[in-house]
Amino acid sequence: MEAKSGDRVSVDAKKVGQPRRAGVIRSVSKGISGARYQVRWDDGQESVLAPGAGNLVIEGRGGNGKGAGKRRSAAKPAKKKTAKRKR
C-alpha cells in the first residue's frame with residue numbers, strides 16, 4: 001500500500017524512549033530511489049521523508065475525513081455474526 005497526499009502517517013522515533021512521530025502527507029514525489037513525502041507533523045513542523053521499507057505506517061486515508069486516526073491493516077475485516085431468531 002502506498003501513501004497518498006492527505007493520508008495520516010506515523011514513523012518510529014529516531015531514539016529509544018521517544019514517541020512515534022505523526023502527521024499528514026502534503027505532497028508525494030517519485031524518483032528513481034522511491035517515493036518522497038512532504039509531511040506536516042502534528043507539532044507544526046514540515047519535512048521531506050524518504051522512508052525505508054516498513055518504517056512508514058499509514059494510519060488513515062485522506063479525502064473525506066473518515067477514518068482519520070484509525071490504523072489500517074491488510075487483514076480482511078471480520079464478518080459480523082447475526083443471531084438466529086427462534087419462532
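Buried means under 20% relative accessible area, exposed over 50%, and partly exposed in between, with a 1.4 Å probe and protein chains only. Select the whole chain: buried residues make up 20% of its 87 residues.

A word on the model. It is predicted: local features need pLDDT of at least 70 and side-chain atom pairs count only at pLDDT 80 or more, while totals for chains, interfaces and linings use all residues. Residues are numbered from 1 along each chain as its sequence is written, and side-chain values use heavy atoms, with hydrogens and water left out.

Switch to cartoon view. The chain has five strands and zero helices. Its elements run β-β-β-β-β from the N terminus on. Helices (H or I, at least four residues) and strands (E, at least two) are DSSP runs, numbered from the N terminus.

Show the surface. The accessible surface of the chain comes to about 7400 Å², by the Shrake-Rupley method with a 1.4 Å probe; for residues, only the protein chains shown count as cover. Carbon and sulfur atoms hold 50% of that surface.

Now select aspartate 42. It is in the loop between strand 3 (34-41) and strand 4 (46-49). Aspartate 42 counts as exposed because its relative accessibility is 51%.

Look at its neighbours. Leaving out residues up to four places away in sequence, aspartate 42 touches Arg8, Ala22 and Gly23; contact means heavy atoms within 4.5 Å.

Add the side chain of arginine 8. It makes a polar contact with the side chain of aspartate 42 (2.6 Å). Such a contact is a pair of N or O atoms within 3.5 Å; within protein, one must be able to donate a hydrogen and the other to accept it, and residues adjacent in sequence count only if both atoms are side-chain atoms.

Last stop: arginine 21. Its C-alpha is 7.8 Å from that of aspartate 42, and the two are 21 residues apart in sequence.
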